[in-house]
Amino acid sequence: MPAPGPRLPLPLLLLAAACSCGLAGAGGGGSCELSVARGGELYSFALAAPTPAHRHGVLSEDGFYKVAVNDSILWFQLCDEMLFNFDPPMCLNCEDCGGPLRCGTQCSALVSNNIGGYDVCTTIGSLSKSHLSLIDESNPQKGVVVKMFSSKCSISVSVLCDSIVAQVPDKFFISGDCHYATTFKHPSGCARSVSASGSGWGWLGTLFITILSLLGGYILIGAVYRYYFLGIHSVEAIPNLEFWIGLPQRIKTMFVPATRSHVSYSRDALGAYTSGNH
């Protein structure tokens, strides 16, 4: 019986698979990311990505944006829930957004209206119910709209492209019973554009990363199963180990016949055969 091979610790297996899966995060999307193709160009937005002047992207470093119009106050945050280290909302009916002790901390948009002498809160948007789209479908460089919803209300925040100035909102509008809208300028509203036919990875890179992620998940699940349920604690815990070891040789044999097919033989003057490449 052959001696068992060297043991490969399970954490090392997990780390290798996690590294493969982690590659997928580099190209992933989210509620604050958008990519659209227009006229042979690919326009990408990543609102939460840092810029030279804004390390948190479009997110307010205070934890919230605040806009006051008459007796109404609007609070919101983009790409995250709100956070209040100072000046928290002081209003009634805040149960679905943090409750009276942490009002505003479990939603992404809240409005306070003075009703009968009391400030009454209404949740108008949450991070889990958000959507990103272009302001102008024919002109991606204009910016994007972040729309968030609650059970009965919504808020639309237009982030206009301005590569130099970040201008916070100073007013908002109401349409219908509970639909709010505001606008401000920010460098994060500017798209990064690349040629769809350029030398970048494009969809091929996405496909490659997806394949690596699936492969990493397969190795991870297979190794865990064989380690815990089959009791294989050596390097053989890697599923189909023989296939992976022989893969370089298989790839090599795919190209060797093609190379040999170009070798022919010719007869010299002495009657011997000599090989020659054509």
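Does Ser 213 count as buried or exposed, and what is its relative accessibility? In this predicted model, Ser 213 has a relative accessibility of 15% and therefore counts as buried, because buried means under 20% relative accessible area. The residue belongs to helix 2, which spans residues 202-228. A polar atom of the Ser 213 side chain lies 2.9 Å from the backbone oxygen of Ile 209.

**Accessibility of selected residues**

Two further residues can be set beside Ser 213. The table lists the location and the relative accessibility of each.

| Residue | Location | Relative accessibility | Class |
|---|---|---|---|
| Ser 213 | helix 2 (residues 202-228) | 15% | buried |
| His 179 | strand 11 (residues 179-186) | 35% | partly exposed |
| Leu 230 | loop between helix 2 and helix 3 (241-260) | 46% | partly exposed |

Leu 230 also takes part in a nonpolar patch on the surface, together with Tyr 225, Tyr 228 and Phe 229. The accessible area of these residues together is about 510 Å². For His 179, a position far along the sequence can be located in space: Cys 153 is 26 residues apart from His 179 along the chain, and the C-alpha atoms of the two are separated by 5.6 Å.

**The open sheet**

Strands of a sheet pair through backbone hydrogen bonds, in either a parallel or an antiparallel manner. In this model, 5 strands form an open sheet with mixed pairing, and their order is 7-8-9-11-10. Why do strand 7 and strand 10 each have one side without a neighbour in the sheet? Strand 7 (130-134) and strand 10 (172-175) stand at the edges and each has a single partner strand, so one side of each is left without a neighbour. On average, neighbouring strands of this sheet are turned by 20 degrees against each other, with direction ignored.

At one edge, strand 7 is joined by 5 bridges to strand 8 (residues 143-149), and these two strands run antiparallel. Within this pair, Leu 134 has Val 144 of strand 8 as its bridge partner.

**A hairpin**

Another antiparallel pair consists of strand 3 (residues 65-69) and strand 4 (residues 72-76), which are linked over 5 bridges. Here Val 67 has Leu 74, in strand 4, as its bridge partner. How many residues stand between the strands of this hairpin? There are 2 residues between strand 3 and strand 4, and in this hairpin Asn 70 takes a positive phi near 55 degrees.

Conventions:
Residues numbered from 1 in each chain as written. Predicted model: local features only at pLDDT ≥ 70, side-chain atom pairs only at ≥ 80, totals over all residues. Heavy atoms only, no water. Pairing = 2+ DSSP bridges. Helix = DSSP H or I, 4+ residues; strand = E, 2+ residues; numbered from the N terminus. Axes fitted to C-alpha atoms, helices over the stretch in contact; angles between N-to-C directions. Buried < 20%, exposed > 50% of the residue type's maximum accessible area, 1.4 Å probe, protein only. Polar contact = N/O pair within 3.5 Å; in protein donor to acceptor, adjacent residues only side chain to side chain. Patch = residues over 30% accessible without salt bridge, like charges linked within 9 Å, V, L, I, M, F, W, Y side chains within 5 Å. Areas by Shrake-Rupley, 256 points an atom, 1.4 Å probe, with all protein chains shown as cover. Salt bridge = Lys/Arg side-chain N within 4 Å of Asp/Glu carboxyl O.
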